Amino acid sequence: MYAAGFTDKGVTRNQNQDAIFVCNQHIGALPNLFIVADGMGGHKAGDVASDMAIKHFTGYIRDFKAQDFVTSENYLDLLMSAAKTADEKIAAKAASDEDMKGMGTTLTACTITDDKIFYVHIGDSRAYAVNHFNMKQLTTDHTFVEELLRTGRISEEEARTHPKRNVITKVLGMPEGMEADAKALDLGDAASILLCSDGLSNMLEKESMMKIINGLGYVEHRTRYLIEEANKNGGLDNISAVLIDVNR
């Protein structure tokens with residue numbers, strides 16, 4: 001299994017509020033760990049939130065005291081506990097520092113075994129499973145528009161241009177606490193797993209992403225190419241991509 005991750009501020013933004021983490025070897029009790037976080041908030045608060053998410057999430061995994069008792073059956077519990085810790089740290093910082101008030105961050109984090117992906121997810125960053133024939137979104141966006149889609153009140157075409165398409169309903173750091181998703185899914189015939197911020201998924205169609213991911217080149221080259229193409233298409237937001245080749 002090979003992996004690479006890159007983040008870019010995009011064409012129109014002055015700063016990058018995304019953060020990523022790529023570890024293709026054991027970390028704590030996990031066989032590997034991959035994270036994309038997309039921060040939001042006032043001046044500099046978004047990048048603080050995403051950096052804190054990575055720092056406290058990975059710190060919890062590394063420092064977990066009962067590592068010898070963790071098996072794949074406990075991976076989701078461990079990921080959720082790490083996310084909860086990061087959530088509490090961000091919320092406390094936002095409450096104690098006026099400059100950080102209202103900050104938060106998406107988080108999509110996963111660990112992968114030979115046959116399964118285990119992920120925790122909150123916000124509108126995404127995880128996809130990709131092969132030469134299909135690109136399946138594994139995560140569900142926590143957005144106002146996704147709720148409209150789910151209940152059949154708008155079509156997918158309407159969702160693409162809806163004025164509230166960027167309104168996120170759940171993030172790490174909300175005062176009322178975290179409501180994240182956690183799932184274990186079979187890898188099946190997936191050749192690659194992609195984690196990305198909406199700065200990538202909003203700039204490229206699935207067909208374009210599939211062509212790049214399934215194309216020639218080392219995983220580092222294909223990951224950079226995804227970001228380059230998103231910038232060519234406008235680069236309207238920060239762009240982050242973590243690509244993991246699981247069966248190529």
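**Notebook: aromatic pairs and helix α7**

I searched the whole structure, which is a predicted model, and found 2 aromatic pairs. The pair I looked up at the start joins Y60 and F64, whose ring centres lie 5.9 Å apart with 40 degrees between the planes, and I noted it as tilted. I then checked accessibility for this pair: Y60 is partly exposed at 24% relative accessible area, and F64 is likewise partly exposed at 26%.

I turned next to Y75 and F118, where the ring centres are 5.1 Å apart and the planes stand at 85 degrees, so I entered this pair as edge-to-face, the angle being over 60 degrees. Because Y75 belongs to helix α2 (residues 75-96) and F118 to strand β6 (residues 116-122), the pair ties together parts that are 43 residues apart in sequence. Both rings belong to buried residues, with a relative accessible area of 10% for Y75 and 5% for F118.

I also looked for a charge over a ring, and recorded R224 over the face of F6, at 3.8 Å from the ring centre.

R224 led me to helix α7 (residues 219-232), whose 14 residues should span 20 Å at 1.5 Å a residue; I found its end C-alpha atoms 20 Å apart, which agrees. I listed the buried residues of α7 as V219, R222, T223, L226, I227, E229, A230 and N231, and I traced their packing to strands β1 (2-8), β10 (192-196) and β11 (239-245) and to helices α5 (198-201) and α6 (206-213). Just after α7, I noted that G234 takes a positive phi of about 135 degrees.

Definitions and conventions
Residues numbered from 1 in each chain as written. Predicted model: local features only at pLDDT ≥ 70, side-chain atom pairs only at ≥ 80, totals over all residues. Heavy atoms only, no water. Phe/Tyr/Trp six-rings, centres within 6.5 Å; stacked < 30°, edge-to-face > 60°. Buried < 20%, exposed > 50% of the residue type's maximum accessible area, 1.4 Å probe, protein only. Helix = DSSP H or I, 4+ residues; strand = E, 2+ residues; numbered from the N terminus. Lys NZ or Arg CZ within 6 Å of the ring centre and 35° of its normal. Expected span 1.5 Å × (residues − 1). Contact = heavy atoms within 4.5 Å.
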